[in-house]
Amino acid sequence: SPSCPHARLILPLVLAKFPTIEWIHVRSAGIDFLESDELPYVGKKGIVMTNAKGQFSSSLSEYVMMACSYFAKDIPQLLNNKKAKKWDDFEIEELRGKTMGIVGYGDIGRATAKLASVFGMKIIALRRNPEKSEFDPVCDEVLGTGRLSLQKLMSVSDFVVCSAPSTVETRGMVNADAFKASKKNQVFINLGRGPVVDEDALVEALQNGTLRGAALDVFATEPLPSDHPLWDLDQVLISPHNMDRTATFMHEATEFFVNENLPRFMLGHSLLNPVDVSLGY
C-alpha cells in the first residue's frame, strides 16, 4: 500500500524471507512507491503482481469534470463577487465543443473520456499502444507516445488531463517544451503522478500566461511544501491528493482483492489487473 512509506525497502526483505511467495497485490493503481533495485526481479522469479486499477477511476473522472467547469464557469469570480456582495454578470464558457487531451489513456483516462464525451467534448488521447484504442467510441484521435505526439496534443487541447503513471520513461515528460506548445488559454489538470510533470516549467507557464490555469491533485513532493510557488498562484486549484478518497474507496479496493482476485488465485485462474513490472504499470 502507498500508505506504507518504506514499502520499497520492506518488500525485498519479505521476498527474501519467504521465497515461496507467488503473488503480490498492490492496493493502488501505481506501483512507483515500490521501486527498488530488486523490483525488476519480481517478474523474473515468476511472481505475479496485480493492482487496484479501476477502483478510483469514477471519482477521479468526476474531479476532472469539476475542474473543467471550475475554469469554464469562472467559479473563482463567482466566489469573489459573492464575498464582495457584488452583482456583476459576465460571460462564461461551454465545455461542449472544447477539446480534451488525455495524457495516459488507461482506466482513469478512459473513464474521464466517457464523461467528457457526454458534455460534448472532443477527445484526443496519448498512449503507448494507440492501436488498442483504434475503435474506441469516445476517443476522436489517439496518438502514440513521444515528444512530437505530446506537443501535438498540447497544441490542440483546451483542457489537458495528465493521468500517466510515474515510470522511468514518463518522469518529467510534460516539460517546458510541452508547455510552450500549449494552445492559448489552456487548462492543465494533473491527477496521475506528480513527477510526470516538470513543476518548475509548469509554474513558469502559469506565471507567464501560457496556461490559463491548472488543477492539481498530485505533486512531485507531497505534502506540497508551504513555500512552493504554486500556493501563491490564484489560477491554480490545489487538492491534497485526495480526489479519489471517498468514504468507501478503501472498502472497494479491499473488496476487489477479497472477492475477485483471491478466489481466482486459490482456484489457479488468471488474475485480474496484472502489472508489467518492467513498464511500471
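This passage walks through the strands, cores, cysteines and backbone features of the structure above.

The structure is a predicted model. Confidence is a good place to start: the chain has a mean pLDDT of 95, and 100% of its residues reach 70 or more. Among the elements of the chain, strand β7, covering residues 186–190, has the highest mean pLDDT, 99. The lowest mean value, 85, belongs to helix α2, which covers residues 41–44.

Strand β7 also makes a convenient entry point to the fold. Five of the five residues of β7 are buried, so the strand is largely enclosed by the rest of the structure. In a regular strand, side chains alternate between the two faces of the sheet. Within β7, Gln186, Phe188 and Asn190 point one way, while Val187 and Ile189 point the other way, and all are buried. Readers following along in the viewer will find β7 paired with β6 and with β8. Four bridges join β7 to β6, and the two strands run parallel; here, phenylalanine 188 of β7 is the bridge partner of valine 160. The pairing of β7 with strand β8 (residues 211–216) is also in the parallel sense, over five bridges, and it places glutamine 186 opposite leucine 211 of β8. Helix α8, residues 199–207, joins β7 and β8 in a right-handed β-α-β unit.

Strand β3 can be described along similar lines. Five of its five residues are buried, leaving β3 mostly covered. Met100 and Ile102 point one way from β3, whereas Thr99, Gly101 and Val103 point the other way, and all are buried. The strand pairs with β4 in the parallel sense over five bridges, with methionine 100 standing opposite isoleucine 123 of β4. Together with α5, these two strands make a right-handed β-α-β unit. The pairing of β3 with β6 is in the parallel sense too, over four bridges, and in β6 phenylalanine 159 is the bridge partner of methionine 100. Strand β6 thus takes part in pairings with both β3 and β7.

The strands and helices meet in the nonpolar interior. The largest nonpolar core has 31 residues, of which Val64, Met100 and Ile189 touch the most other members. At least two residues of this core come from each of α3 (57–72), β3 (99–103), α5 (107–118), β4 (122–126), β6 (159–162) and β7. Helix α3 gives the most, with nine residues. A second, separate core of 29 residues includes Cys162, Ala205, Leu211 and Leu230. Isoleucine 189 offers a closer look at the surroundings of one β7 residue. Leaving aside residues up to four places away in sequence, isoleucine 189 touches Tyr63, Val64, Ala67 and Cys68, along with Val160, Val161, Cys162 and Ala215.

For anyone planning to think about the cysteines, the count of disulfides is zero. Cysteine 139 is in no disulfide, and the nearest cysteine sulfur, that of cysteine 68, is 15 Å away. A disulfide calls for two cysteine sulfur atoms within 2.5 Å. Solvent exposure varies among these residues: cysteine 139 counts as buried because its relative accessibility is 11%, under the 20% limit. Cysteine 4, with a relative accessible area of 30%, is partly exposed.

A few backbone features deserve a look of their own. Most residues other than glycine have a negative phi, and most peptide bonds are trans. Against that background, glutamate 222 and proline 223 are joined by a cis peptide bond, with omega about 0 degrees. Proline 223 is found in the loop between β8 and β9 (236–238). Asparagine 185, in the loop between α7 (176–180) and β7, has a positive phi near 65 degrees. This asparagine is partly exposed, with a relative accessible area of 46%. Histidine 241 likewise has a positive phi, about 50 degrees, although it is not a glycine. The loop between β9 and α9 (249–267) holds histidine 241, which is partly exposed at a relative accessible area of 23%.

Note on methods. Residues are numbered from 1 along each chain as its sequence is written. This is a predicted model: local features need pLDDT of at least 70, side-chain atom pairs count only at pLDDT 80 or more; totals for chains, interfaces and linings use all residues. Side-chain values use heavy atoms; hydrogens and water are left out. Buried means under 20% relative accessible area, exposed over 50%, partly exposed in between (1.4 Å probe, protein chains only). pLDDT is the predictor's confidence in each residue, from 0 to 100. A nonpolar core is a set of buried Ala, Val, Leu, Ile, Met, Phe, Trp, Tyr and Cys residues joined through side-chain atoms within 4.5 Å. Contact means heavy atoms within 4.5 Å. Two strands pair if DSSP finds at least two bridges between them. A crossover is right-handed if, with the strands pointing away from the viewer, the path from the first strand over the helix to the second runs clockwise.
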